[in-house]
Amino acid sequence: MIIGNPPYIQIQKLIDIYPEETKFIQKYYSTAQEKNIDIYVPFIEKGISLLKEGGFLGFICPNRFFNSEYGTKLREFLKQYNLYHLVNFRHYFVFQDADAYTCLLFVQKSKQSQYLDYIEKAGRCQ
């Protein structure tokens with residue numbers, strides 16, 4: 001089981017500070033092939049790759065991959081696995097000092113089941 005909160009940083013901001021690491025990520029992670037990705041995207045790919053078959057991953061991460069262009073590869077990648085629970089906090093900030101709209105993503109490293117438990121939180125989180 002992996003539970004985490006990956007970093008939310010645009011990869012363009014990392015290129016000057018970590019050029020070799022950025023090139024590595026873009027070369028070896030299928031979800032990082034878009035130019036303007038956020039670094040949490042390959043973190044999800046890596047997390048799932050570390051799981052044993054049947055293992056679970058739970059991340060709190062930005063919800064922008066739902067419909068952004070840079071999220072296309074991640075959405076395709078997730079189709080291989082059992083995305084069984086998703087909590088979308090929509091336009092509400094979960095963290096007081098962070099300006100990211102987040103979701104809770106729960107994936108099992110197994111084939112997709114027929115059921116996805118999708119929840120939208122419409123109110124402010126306390």
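Helices and strands are here DSSP runs, a helix having at least four residues and a strand at least two, with numbering from the N terminus. In these terms Glu-53 is placed in the loop between H3 and strand S2, the latter covering 56-62. The model that contains this loop is a predicted one.

The same vocabulary describes the protein as a whole. Four helices and five strands are present, and along the sequence they follow the pattern β-α-α-α-β-α-β-β-β. The protein has 126 residues, of which 40% count as buried.

Glu-53 may be considered further. Because its relative accessibility is 64%, Glu-53 counts as exposed, the cut-off for that class being over 50%. Gln-108 lies 55 residues from Glu-53 in sequence, yet the C-alpha atoms of the two are 8.2 Å apart in space.

Two buried residues provide further pairs that are separated along the chain. Leu-78 belongs to helix H4, which comprises residues 72-78. The relative accessible area of Leu-78 is 4%, so this residue is buried, since buried means under 20%. Between the C-alpha atoms of Leu-78 and Ile-44 there is a separation of 9.2 Å, although 34 residues divide them along the chain. His-85, for its part, is located in strand S3, residues 82-93. With a relative accessible area of 17%, His-85 is likewise under the 20% limit and is therefore buried. Its C-alpha atom is 6.4 Å from that of Leu-105, a residue 20 positions away along the chain.

At the surface, Met-1, Ile-3 and Phe-56 make a nonpolar patch of about 380 Å². Of these residues, Ile-3 is found in strand S1, which covers residues 2-4. The relative accessibility of Ile-3 is 70%, and Ile-3 therefore counts as exposed. A residue can enter such a patch only if its relative accessible area is over 30% and it has no salt bridge; the 70% of Ile-3 is therefore over the limit on area.

Charged side chains give another kind of contact. Side chains of opposite charge can pair when their charged atoms come close. In this model the count of salt bridges comes to one. The partners are Lys-79 and Glu-76, whose closest N and O atoms are 3.1 Å apart; the pair qualifies because the criterion asks for a distance within 4 Å. Lys-79 is exposed, because its relative accessible area is 58%. Glu-76, at 46%, is partly exposed, because that class lies between the limits of 20% and 50%.

The pockets complete the description. The largest has a volume of about 260 Å³. It is lined by 13 residues, and those closest to its centre are Tyr-8, Asp-38, Pro-62, Asp-99 and Ala-100. By class, this lining consists of eight nonpolar, one polar and four charged residues.

The second largest pocket holds about 200 Å³ of space. Its lining includes Pro-7, Ile-9, Leu-14, Tyr-18, Ile-25 and Phe-43. Helix H2 (19-28) and helix H3 (40-50) are the elements that contribute two or more residues to this lining. Here the classes are nine nonpolar, one polar and two charged residues. Glu-21 and Lys-46 are among the residues that line this second pocket, and both types count as charged.

Technical notes. Residues are numbered from 1 along each chain as its sequence is written. This is a predicted model: local features need pLDDT of at least 70, side-chain atom pairs count only at pLDDT 80 or more; totals for chains, interfaces and linings use all residues. Side-chain values use heavy atoms; hydrogens and water are left out. Patches are made of residues with over 30% relative accessible area and no salt bridge: like charges are joined within 9 Å, nonpolar side chains (Val, Leu, Ile, Met, Phe, Trp, Tyr) within 5 Å. Accessible areas come from the Shrake-Rupley method with a 1.4 Å probe; for residues, only the protein chains shown count as cover. A salt bridge is a side-chain nitrogen of Lys or Arg within 4 Å of a carboxyl oxygen of Asp or Glu. Buried means under 20% relative accessible area, exposed over 50%, partly exposed in between (1.4 Å probe, protein chains only). On a 1 Å grid over the protein atoms alone, a cavity is a set of points where a 1.4 Å probe fits but cannot get out, and a pocket is an open set with protein on both sides within 12 Å along at least five of seven lines; lining residues have an atom within 4 Å of a point. Grid points are joined across faces, edges and corners, and a volume is the space filled by probe spheres set on the points.
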